[in-house]
Amino acid sequence: MAFLDYLINGISLGSIYAVIALGYTLVYGIAKMLNFAHGDVIMVGGYVIFTMMSNVGLNSYVSVLIAMAACTVLGITIEKIAYKPLRQSTNLAVLITAIGVSYFLQNIALIIFGEKPVTFKSVIDLPKITLFDGQIVIKSEAIASIIVSVVIVVGLSLFVNKTKSGRAMLAVSEDKDAARLMGINVNRTISLTFAIGSGLAAIAGALLCSSYPVLSNTTGAMPGIKAFVAAVFGGIGSIPGAMVGGLLIGVIEILGRAYISPQLADAIVFAVLIIVLIVRPTGILGKKVNEKV
Amino acid sequence: MALLEVKKLGISFGGLRAVDDFSVSIEKGDLYGLIGPNGAGKTTIFNLLTGVYKPTDGSITLDGVNITGKSTIEINKAGIARTFQNIRLFSKLSVLDNVKAGLTNKYRYSTATGIFRLPKYFRLEREMTERALELLRPFELDGDADVIAANLPYGKQRKLEIARALATDPKLLLLDEPAAGMNPKETAGLMNTILTVRDDFGVTVLLIEHDMALVSGICEKLSVLNFGQLLCEGPTGQVLNDPEVIKAYLGE
Amino acid sequence: MKKLKIKPSTRSSFTTYAIVTAAFIAVQIMISTGSASNMFKGLLIPFCVYSIAAASLNLTVGILGELSLGQAGFMCIGAYSSAIFSVCTKDTITSAWIRFPIALLIGGIFAAIFGILIGIPVLRLRGDYLAIVTLAFGEIIKNVFNALYVGYDSSGLHFSLTSQGDLNLAPDGKMLINGALGVKGMPQDSTFVIGFVVLLLTLIILYNFIYSSTGRAVMSIRDNRIAAESVGLNITKYKLITFGLTAFLAGVAGAIFSHNLSTLQASKFDYNLSILILVFVVLGGIGSIRGSVIAAIVLTYLPEVLRKLNSDFGKYRMLIYSVVLIVMMIFTSNAKIRGFFAASFAKLKGLIIKDKNTPAKEAE
């Protein structure tokens, strides 16, 4: 029974990782950059929801919508100010800038909200499910995380494959210059990608902080990195891959925490990353990309 | 026995057959041209010969050694060096250091020797500098030895790439469109340089070129590629007058 | 108008050695004349530690062109391994002149082993994996040391990841690492003189490395990986050597750091420290070893002075650093902005000196 309990927790945490991993995968696939600040956008989303609910007194769902809008604007702004000027520069320059943005968000939050973590009130107001005469209790946050992530993955897949903007994203990810020649507005497509990724980060923030109700300025950092691991595990650039990778990482982390050592749970997740990079660097659902010479 | 023996080489990218059933035999000392319309698969063949791509079919033998499927590094050590269609220099290094980087494997000393500046370091560095200047001289680049590669004019950058490739002491030198972007006068100079390289350094040259003045001026033999397949091969004069070749270039 | 012909590489390295030595002498004079404040004296060893850490990180960032966010992790390994060595041997090896150099080497070697272990799977790949893996590595190292209990008694070494009690030490047992409380009882072997000597040695190692065949190969890989392969350079090997050397020197820096503390705690080696060292590298100039040393010293000293003037400054320090990272990268890497500044600079220069022959500059 305990195992089943852990498994459900793992799937629930993994669903949140999947939503975060989607943001990494989209941006990595299209803008070809590792957006280190993605995890911190989650934290910003968390604080927006917290402020709206606790200080303004808004309804939780309205608060999440406001957080989504705020994070979308934030994502687009970050891209325009920090990343766009560096589109022709080296990977190293972009990476360092992304680190700078991530660090900026963490420290701005530190100044505004202080060092002391706040207790986050769950945005989900549903009854929990009790199975086997109370031997297993599934929290409503867990159910919500799983459902929301499935809906997002399906919705995003449909968006990318069926709509004009989505197909423009695919084209830009394949070949930026060719896409431009075909009349696709590359700048707008990249902005759209950041907008979607950041909007999803707000949702992930709501789910993460509801399930683990402690919010501080570094709340997004570790889940962000683990979600990146999930994106690599599933195959970076692949939407279903983000889901598969997210679920696997979530389950591995919770089982590792339970059966091996709570202190080593993070280390186990990164050991998984290293093993994936050795055995199959393209991930489970990723494809090999040939470099132009 | 031929220096380079390519048999039934082929590669597919997904469903696309980029090169199919390509064979060629290049004798030691040849100055051989590989021509064909854009997208015919010429650079892909260079990438196959240098291990950037692994062939799906066929075999490549250099000087009796089978190098099919070997890595770029192993192939370079076996004796093939190349230049690139879009110039690839070590842009922040000096002209001299670009060539010395090419000499690394021939004048090998350990990292510790370098860090502790053992006598071997000074001796080998001096020898490398001398050799590098020797390699730069035929290209009239020895005067620019201290210039940063990225600051060189275009024509000189192309020459530096050839000098760097020669530094690895190859048996076979692959030149990918060496005259691209040059004016007729520069091209004429380049033709002389390529002949000098072949004769003085004793390397065999295989080149891809669109500039027909260069091809007909210095290449002794040609292979023509079209849609990834060999269209025709033979002595230059004969190939260029082949009606099939003219048709491939000019269309019906 | 050829004067004495000195290679630019030689000139650059010896200028740096001269600057560092002159600064050392100046500080010694200040100390002997009593004009150095206590705060300043307390910062002398940190100056050396951060300079070594920053200069060695610049090897990976500037010369190899890869981003490592695990510098604090390597320092942590160096700090702990050397501290444990010194705690265990301080009664048997009584001379600090023998004990401390061994401790420094142990710190460096352990850090290098971890660097190579991480590097083997990661450095053969293209892409930004090194950044994420080193970031994770730094966090894990910190967490593991925070939860690690090590002690020894007559029956040997005992380890635990949960608590001191779990070690089941015999009554004669002694704690080596006490979880989050860390390591105590290191001999205070770090002095400014030793710090200076190690810094100078570090600089000599770095410059000699960069201006050797290996360094040239590494910079070739940085500038064009495909061309480097085409001239037969073994990419993974050179990347590993470079990254291993960076880790080694970071470990040495950590060892100096730990022998300047009464209690060594893993929490000191957090993500902030890795970022701080990256800021030194970026602000000092990516690829400029001398710049890293200067930036490390200035940015270690300045905040302390500013903190004295305004206690609120500490709060904004990290925020300022993050802005510095972003602005520096945009200003140095965006072709248009850089071109604009280069043009204005050239114009300015043309107004001052009428000389058209501006010689090209290599890595400093």
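Here is a friendly conversation about a predicted model and the terms used to describe it.

Author: Residues are numbered from 1 along each chain as its sequence is written, and chains are lettered from A and ligands numbered from 1 in the order in which they are written. Because the model is predicted, local features need pLDDT of at least 70 and side-chain atom pairs count only at pLDDT 80 or more, while totals for chains, interfaces and linings use all residues.

Reader: Why is strand S3 of chain B called largely enclosed?

Author: A residue is buried if 20 or more other C-beta atoms, placed from the backbone, lie within 10 Å of its own, exposed if 12 or fewer, and partly exposed in between. Strands (E, at least two residues) and helices (H or I, at least four) are DSSP runs, numbered from the N terminus. In S3(B), residues 31-35, five of the five residues are buried, so the rest of the structure largely encloses this strand. On one side the buried residues are Leu31(B), Gly33(B) and Ile35(B), and on the other Tyr32(B) and Leu34(B), so both faces are covered.

Reader: How do you know which strands S3(B) pairs with?

Author: Two strands pair if DSSP finds at least two bridges between them. S3(B) has four bridges to S8(B), residues 204-208, running parallel, and four to S9(B), residues 221-226, also parallel. Leu31(B) stands opposite Val205(B) in S8(B), and Ile35(B) opposite Val224(B) in S9(B).

Reader: What makes strands S2 and S3 of chain C edge strands?

Author: The order of this open, three-stranded sheet is S2-S1-S3 (chain C), and its pairing is antiparallel. S2(C), residues 156-160, and S3(C), residues 174-178, each pair on one side only, and that makes them the edge strands. Between S1(C), residues 149-153, and S3(C) there are four bridges, with the strands antiparallel. One of the partnerships joins Gly151(C) to Met175(C) in S3(C). On average, neighbouring strands of the sheet are turned by 20° against each other, direction ignored.

Reader: Why does the length of helix H3 of chain C agree with what is expected?

Author: The expected span of a helix is 1.5 Å times one less than its number of residues. H3(C) has 19 residues and should span 27 Å, and its end C-alpha atoms are 27 Å apart, so the two agree. This helix is also largely enclosed, because 17 of its 19 residues are buried.

Reader: How do you know that H3(C) packs against H5(C)?

Author: Axes are lines fitted to C-alpha atoms, for helices over the stretch in contact, and angles run from 0 to 180 degrees between N-to-C directions. H3(C), residues 71-89, and H5(C), residues 129-146, have axes 8 Å apart at an angle of about 35°. Two residues are in contact if their C-beta atoms, placed from the backbone, lie within 7 Å. Ala72(C), Gly73(C), Cys76(C), Ile77(C) and Tyr80(C) of H3(C) meet Phe137(C), Gly138(C), Ile141(C), Lys142(C) and Phe145(C) of H5(C). Those residues divide into seven nonpolar, two polar and one charged. Here Ala, Val, Leu, Ile, Met, Phe, Trp, Tyr, Cys and Pro count as nonpolar, Asp, Glu, Lys and Arg as charged, and the others, Gly among them, as polar.

Reader: Why does Thr236(C) count as partly exposed?

Author: Thr236(C) has 14 C-beta neighbours inside 10 Å, so it falls in the partly exposed class. This residue sits in helix H9 (residues 235-258) of chain C. Leaving out residues up to four places away in sequence, Thr236(C) touches Leu123(C) and Arg124(C). Arg124(C) is 112 residues away in sequence, with 5.2 Å between the C-alpha atoms.

Reader: What makes up the contact between chain A and chain C?

Author: Each chain gives 34 residues to it. On the side of chain A, H4(A), residues 91-113, supplies the largest share, 14 residues. That side divides into 24 nonpolar, nine polar and one charged.

Reader: And how long is helix H5 of chain A?

Author: H5(A), residues 140-162, has 23 residues and reaches 32 Å from its first C-alpha to its last, close to the expected 33 Å. Its buried residues include Ala144(A), Ile152(A) and Leu156(A).
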